[in-house]
Amino acid sequence: MGRPRVLLVDDYPDAREMYGEYLEISGFDVIEAANGFEALQRAADENPDIILMDLSLPLMGGWEATRRLKAD
């Protein structure tokens, strides 16, 4: 069985880098997205075990992306 996969969604590259490194050290494979639309696509393509979503995102906010993910 492989490492659990986390989708990390944040519009700030520095935040994605910092959180991503910590998650990788903690035993996760990290998939990244920079906005809500990208998060929806990456979630559909990669089927992560968990999603860490910033709620204030460009193009589509984290709240709306989360609503759409839950509806799927």
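Student: What makes Asn35 a cap of H2?
Tutor: A side-chain oxygen of Asn35 lies 3.0 Å from the backbone nitrogen of Phe37, at the N-terminal end of H2. A polar contact is a pair of N or O atoms within 3.5 Å, one able to donate a hydrogen and the other to accept it, and neighbours in sequence count only through two side-chain atoms, so 3.0 Å fits. Bear in mind that this is a predicted model, with local features needing pLDDT of at least 70 and side-chain atom pairs 80 or more, while totals for chains, interfaces and linings use all residues. Numbering starts from 1 along each chain as its sequence is written, and side-chain values use heavy atoms, without hydrogens or water.

Student: How do you know that the buried residues of H2 line one face?
Tutor: Gly36, Ala39 and Ala43 are buried, meaning under 20% relative accessible area (exposed is over 50%, partly exposed in between; 1.4 Å probe, protein chains only). Down the axis of H2 they fall within an arc of 50°, so they line one face. Turned away from that buried side are the exposed Ala44 and Asp45.

Student: Why is Asp10 said to have no salt bridge?
Tutor: A salt bridge needs a side-chain nitrogen of Lys or Arg within 4 Å of a carboxyl oxygen of Asp or Glu. For the buried Asp10, the nearest side chain of opposite charge, Arg16, is 5.7 Å away, so the cut-off isn't met.

Student: And what makes up the largest nonpolar core?
Tutor: It has 10 residues, among them Val9, Ala39 and Ala43. They count because such a core is a set of buried Ala, Val, Leu, Ile, Met, Phe, Trp, Tyr and Cys residues joined through side-chain atoms within 4.5 Å.

Terms used: Helix = DSSP H or I, 4+ residues; strand = E, 2+ residues; numbered from the N terminus. Arc of directions from axis to C-beta. Lys, Arg positive; Asp, Glu negative; His and termini not counted.
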